[in-house]
Amino acid sequence: MQAETAAPLTADQVQRFARDGYLVVEGLLDDEERARHGAAVDDAVAYRTAGDDRPVADKTVYEQSFIQCMNLWTDHEAVRPLTFHPRLARGAAQLLEKPAVRVWHDQALYKEAGGRETDPHQDLPFWPIRPADQVTAWIPFDGSRRGHGAMAYVPGSHRVGLQKFVDITHLLHPEPYPVMDDPKIAGIEPVWVEVPPGSVVFHHSLTVHLAEPNTSEAMRRVFCIIYFADGCVRAAPWPHITVDGQGIEVGQPVRGELTPLAWPRPAGDLPPTPTRPGPKTGFR
Ligand SMILES: O=C(O)CCC(=O)C(=O)O
């Protein structure tokens, strides 16, 4: 394993993230890491989805966007070194320009062959945590290309004062809010991102993003890690397992066994298995 000494991102990359709300970083994982972590996540997804043989067409609209398996680090120890990978976590801290970051949750988002698009949305409105100091590392194990569930980001959309809940599950609102038509971002073209394997694409929790359908024959294997700045507080009383499961009241900092520090953390030190499970699917 490579020793982590230097900060992984340059000042220019941090500035571009602040401007655009997303950042492509190629070569952040080497081939050995990509293969090892990809296999661990594959195994965890297979375990979580065992017995579900439904074809895509028989799934709910949300499930047709991706197979979502959250908090894999909590019950799959082999996934833990990726969720708490020091290079990624330190990069997240650099992008948020904060000394310390915690993990809100990880998740596999495996878009099946024939899977539908991921509706355009922002992440923060799903979460009862503020201020808006969160960043997601989106890790496509096989790289990302058009036709295979590539993502697009609306550059600068995290800076326009937009904060809208878009029900990408289609469970509460069958027709989710058409955020791309919102006057605050209308006219800004989304940027489609294609990256080679080993890349990580970071996005801010207020950046509007979307993914195209997977029209290829292969599964789109993506793993995400959502980090937040240490010190963010629970901001709303509505039920959410991540904060309720740790007894965190409105106004209190989100600190506990379900949201451990990812950076700084001694090399090779991984958090223990939490005593209470966090959410495993959906946004709660
Ligand atoms: O991978 C996708 O299709 C969507 C990803 C996403 O919405 C996210 O990482 O916040």
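## A walk through the chain, from Thr-242

Select Thr-242: this residue counts as buried because 22 C-beta neighbours sit inside 10 Å (buried takes 20 or more other C-beta atoms within 10 Å, exposed 12 or fewer, partly exposed is in between, and C-beta atoms are placed from the backbone). Before going on, know that this is a predicted model, where local features need pLDDT of at least 70, side-chain atom pairs count only at pLDDT 80 or more, and totals for chains, interfaces and linings use all residues. Residues are numbered from 1 along each chain as its sequence is written.

**Stop 1: around Thr-242.** Thr-242 belongs to helix α7, residues 241–244 (helices are DSSP runs of H or I with at least four residues, strands are runs of E with at least two, numbered from the N terminus). Which residues is Thr-242 in contact with, leaving aside neighbours within four places in sequence? Light up Trp-104, His-105, Leu-258, Thr-259, Gly-278 and Pro-279 (contact puts the C-beta atoms, placed from the backbone, within 7 Å).

**Stop 2: helix α6.** Now select residues 86–96. Here 10 of the 11 residues are buried, so α6 is largely enclosed by the rest of the structure. Among the buried ones are Leu-88, Arg-90 and Gln-94. Step just past α6 and you hit Glu-97, with a positive phi of about 55 degrees.

**Stop 3: the core.** Ala-92, one of the buried residues of α6, is also among the residues with the most contacts inside the largest nonpolar core, alongside Val-101, Val-200, Phe-202 and Tyr-227. That core has 72 residues (a nonpolar core is a set of buried Ala, Val, Leu, Ile, Met, Phe, Trp, Tyr and Cys residues joined through C-beta atoms within 7 Å). Strand β11 gives the most to this core, with 8 residues. Click Tyr-227 and, beyond four places in sequence, you'll find contacts including Ala-89, Ala-92, Val-101 and Trp-104.

**Stop 4: the ligand.** Strands β6 (134–140), β10 (209–211) and β11 (222–229) each supply at least two residues of the shell around the ligand. Try selecting Phe-66, Lys-111, Asp-123, Trp-138, His-209 and Cys-224, which are among the residues there (each has its C-beta atom, placed from the backbone, within 6 Å of the ligand).

**Last stop: zoom out.** How many helices and strands are in the chain? You can count 7 helices and 13 strands. The C-alpha atoms fill a box of roughly 45 × 40 × 40 Å along the principal axes. Of the 284 residues, 44% count as buried.

Definitions and conventions. Contact = placed C-beta atoms within 7 Å.
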